[in-house]
Every structure is written in structure tokens, then in C-alpha cells.
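Hi there,

Here is the structure we talked about, with its sequence. Have a look at it first, and then read my notes below.

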Amino acid sequence: MTLDAQNFALRRRDIVSELLKGRGDMLVVAGLGSTAWDITAAGDHDLSFPLWGAMGGSVSIGIGLAIAQPKRRILVITGDGEMLMGMGSLATAARLNLQNLSVCVLDNEHYAETGMQTTHTSTGTNLSAIASGCGFQNSVAVSSQNELADVLPRLREGPGMQFASIKVRTEKLGFSLPPKDGVYLKTRFRKAILGDAAVLSS
Amino acid sequence: MEWWQEIYKAIKDANVRQVAYVPDAGHAKLIQACVDDDEITTISLTTEEEGIAVLSGAWLGGDRGVLLMQSSGVGNCVNMFSLAKTCQFPMALFITMRGQWKEFNPWQLPMGSTTEPTLELAGFSVNTAEDPNDVADFAAATLHHAFVGGEMSALLLHQKLTPVKTFGK
């Protein structure tokens with residue numbers, strides 16, 4: 001299969017831009033690579049935590065965050081490759097039944113950062129079925145604009161734990177790089193939530 | 001108090017809210033005490049590396065968390081340790097040792113013998129408690145390193161301490 005055969009209609013930057021519009025006090029974690037660039041293209045934000053590594057860890061970060069901040073919606077945006085590396089974390093999240101956690105996988109069926117090798121989703125691995133099988137009450141596979149319009153508000157607001165895997169076009173997009181100083185990303189995020197206590201308390 | 005009760009007391013004194021774990025027989029009573037504690041949310045993991053990321057997320061959101069695991073799980077965490085190192089997330093790991101002392105399973109030996117250097121290479125300060133009377137001080141120090149010092153800190157619980165009943169009371 002050539003890249004040209006990948007002709008999904010939905011485009012990742014449009015989706016993320018729409019998803020983060022009016023994000024309010026939502027906390028956003030993005031998996032390394034394309035999804036970190038996507039959330040940055042939509043506008044760097046103190047309440048965003050884009051990863052530059054830790055592959056497979058995005059949902060687990062969301063879990064700790066969701067427990068610590070139960071009144072806020074936590075949105076994890078990641079890619080199919082990153083999600084495949086951390087599939088166990090879907091079972092961990094579902095077991096906790098975290099009512100404020102949303103996971104959005106932008107599935108282009110490729111490892112975009114490493115030469116566009118195909119991922120397991122290109123040969124049938126169904127991430128929304130896996131999330132459902134792990135116990136996510138709301139888990140959908142999205143490939144059309146109509147389905148997208150239905151799922152974006154639920155990713156932003158719930159109700160309850162949400163999972164969506166969205167088939168997106170395989171496309172080479174320009175880099176939109178977030179800050180890569182991990183200490184800075186951590187501290188600005190904590191300060192935006194906790195205020196001065198983030199840096200003054202021990 | 002039994003040694004595991006000293007760890008429980010230390011994590012309560014340190015205001016720890018999240019306890020992530022992959023079960024180990026040596027941690028069984030401590031895990032149960034945390035599960036039974038309404039002020040603590042316990043996170044049962046499918047693999048230890050999730051725990052490193054969970055603790056990072058907890059800190060991002062203002063919670064203190066600890067990870068309970070056995071030594072074989074340290075190998076599962078190696079790349080995820082880079083998250084804690086790069087972002088300077090406080091880490092407090094309580095690790096029961098295998099492959100160290102009267103181990104009946106030779107498959108535990110390779111990771112047991114490399115647990116401490118692996119942690120040190122990843123940036124952890126590592127202490128080992130062999131005597132149950134030392135656990136209280138070491139546990140408090142491990143949590144202090146993490147949450148006051150902002151460090152990656154691990155306490156290895158020597159296999160002499162387990163099974164718990166042998167050294168209890």
C-alpha cells in the first residue's frame with residue numbers, strides 16, 4: 001500500500017483545532033510526535049503538557065492527573081503508534097472508571113515521525129474495540145465529519161470516561177514545536193492549576 | 001509495628017494521595033492497607049512503567065504519589081524513567097527485592113542483581129533496608145528526597161524482610 005492509498009477524509013490539525021476551541025480549564029496531555037505538534041499548532045497553552053518522549057505513557061499521565069484533579073476534564077490526545085505502546089494503560093484507566101478522563105487517538109495508521117512505516121491499525125487492530133473491551137463505557141471509531149461533530153463535545157465535556165479513535169489522513173505537515181524544556185512545561189502547568197503553591201510549597 | 005506498617009505510616013505522614021502498584025507478595029499487606037484507606041486512591045497497573053507516568057501526572061495535578069513494586073519491574077520502567085528525569089518529577093519507589101536472598105527462582109536473578117545499578121544509572125538515589133528496624137527512617141527519607149528534594153528516590157526492601165511473617169512484630 002502506498003501513502004497515496006491512505007485517503008481518509010478527516011485532517012488531524014482541523015480536528016485538534018476544533019477540539020481545543022473554547023477548551024476552558026480542561027487539562028491536555030499530548031503524546032510525542034505528531035499529536036504534540038498538533039496541539040501546539042492549535043495554540044500553545046499553559047494547561048497543555050506535550051510529550052517529547054515517554055512513548056506509551058500519555059494515558060497513564062492522564063490517569064494520575066484525573067485522580068488529582070477530579071473536577072476538571074482531562075483530555076489525552078495521542079497517535080496510534082503511541083497508544084499501541086501503552087495499551088495496558090487503557091485497562092488501568094477503565095478499571096478506575098475515571099469519570100473525567102477522555103482519550104482521543106488520531107489514527108493515521110502510520111509512524112509519521114520515523115519514516116511512515118505502517119502501524120498495527122493498518123492491518124486491523126481496532127483501538128476503539130480494545131478500549132471498549134477494557135471497559136470504557138463510551139468508545140467510538142470515527143471516520144466521517146458527521147461522526148466527528150457528535151464525538152468532539154463528548155471528548156470535551158463527557159459524560160464519564162470517553163474514548164475515540166479517529167481515522168485521519170496520512171499527511172506530512174509542518175512542525176509546530178512546543179517548548180521542549182520538561183521542567184518548564186511541568187512548572188507552568190502546575191502553576192496554572194495550583195497557583196503559587198506549585199512552586200512555594202514543599 | 002511490622003515494617004510494612006512503617007511504610008504506611010510514612011506515606012500517610014507525607015500526605016501521599018495516590019498509590020500505584022504492581023502486586024508483590026512482600027507488599028500484599030501494605031497494598032491492602034492503602035486500598036482500605038479512603039484518603040488514598042490506589043492504582044492497580046498492568047506494568048510498572050505505567051506507574052512512573054501516573055506519578056508524573058499526579059504531581060502535575062498537585063498530588064503526591066508513590067509506586068509499590070518488585071525488583072523485576074524496574075527493568076520494565078527504563079525508558080519511562082526519562083520522563084521523571086527530564087521534567088524533574090518527584091519519584092518515590094518502594095521495591096521489594098527478588099533474586100537477592102534465598103531465591104528459589106533462578107529467572108529472578110538477572111533483574112535482582114541489576115536492580116540497584118539500573119536505578120542509579122537512571123538517576124535515582126537508592127537506599128536498601130535490610131533490618132526491619134530501619135524501615136521507618138528509610139521510608140521517611142525516601143519520601144523526603146522525593147517531595148522536598150524533588151528527586152527520584154527508591155527504597156529497596158531486602159529479601160530478608162520477606163515473607164512478612166518471618167520478621168513481623
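**What I found**

Just after α5(A), Asn97(A) takes a positive phi of about 50°. Helices here are DSSP runs of H or I with at least four residues, strands are DSSP runs of E with at least two, and both are numbered from the N terminus.

Before going further, please note that this is a predicted model, in which local features need pLDDT of at least 70 and side-chain atom pairs count only at pLDDT 80 or more, while totals for chains, interfaces and linings use all residues. Residues are numbered from 1 along each chain as its sequence is written, and chains are lettered from A and ligands numbered from 1 in the order in which they are written.

**Around helix α5 of chain A**

Helix α5 of chain A covers residues 88-96, and its buried residues are Ser89(A), Leu90(A), Thr92(A), Ala93(A) and Ala94(A). A residue is buried if 20 or more other C-beta atoms lie within 10 Å of its own, exposed if 12 or fewer, and partly exposed in between, with C-beta atoms placed from the backbone. It helps to remember that an α-helix has 3.6 residues a turn, so residues three or four places apart point the same way.

What covers the buried residues of α5(A)? From chain A the cover includes α3 (58-68), β4 (101-107) and α6 (127-134), and from chain B it includes β2 (41-44) and α3 (48-60).

Helix α6 of chain A is also where you will find Ser132(A). Ser132(A) counts as partly exposed because it has 18 C-beta neighbours inside 10 Å. From Ser132(A) to Ile166(A) there are 34 residues in sequence and 15 Å in space, C-alpha to C-alpha.

**The two chains as wholes**

Chain A has nine helices and eight strands. Its radius of gyration is 16 Å, close to the 17 Å that the globule rule gives for 202 residues, so chain A is as compact as a globular protein of that length. (The radius is taken over C-alpha atoms, and the rule is 2.2 Å times the number of residues to the power 0.38.) In chain A, 46% of the 202 residues count as buried.

Chain B has seven helices and six strands, and from the N terminus on they run α-β-α-β-α-β-α-β-α-β-α-β-α. Its radius of gyration is 14 Å, which agrees with the value near 15 Å for a compact globule of 169 residues. Along its principal axes, the C-alpha trace of chain B spans about 40 × 30 × 25 Å. Of the 169 residues in chain B, 53% count as buried.

**Where the chains touch**

Two residues are in contact if their C-beta atoms, placed from the backbone, lie within 7 Å. The contact between the chains takes 28 residues from chain A and 27 residues from chain B. On the chain B side, the elements giving two or more residues are β2, α3 and α4 (81-87). The largest share of that side, eight residues, comes from α3(B).

**Strands β3 and β4 of chain B**

Strand β4 of chain B (residues 91-96) has six of its six residues buried. Met91(B), Leu93(B) and Ile95(B) point one way from β4(B), whereas Ala92(B), Phe94(B) and Thr96(B) point the other way. That fits a simple rule: in a regular strand the side chains alternate between the two faces of the sheet.

Which strands pair with β4(B)? Strand β3 (residues 65-70) of chain B pairs with β4(B) in the parallel sense over four bridges, and strand β6 (residues 152-157) of chain B does so over six bridges. Strands pair if DSSP finds at least two bridges between them. Met69(B) stands opposite Ile95(B), and Thr96(B) stands opposite Leu157(B) in β6(B).

Strand β3(B) is largely enclosed by the rest of the structure, because six of its six residues are buried. On its other pairing, strand β1 (residues 18-21) of chain B joins β3(B) in the parallel sense over four bridges, with Tyr21(B) opposite Leu68(B).

Finally, try clicking on Ile95(B): among the residues that Ile95(B) touches are Val74(B), Thr115(B) and Leu155(B), not counting residues up to four places away in sequence.

Best wishes
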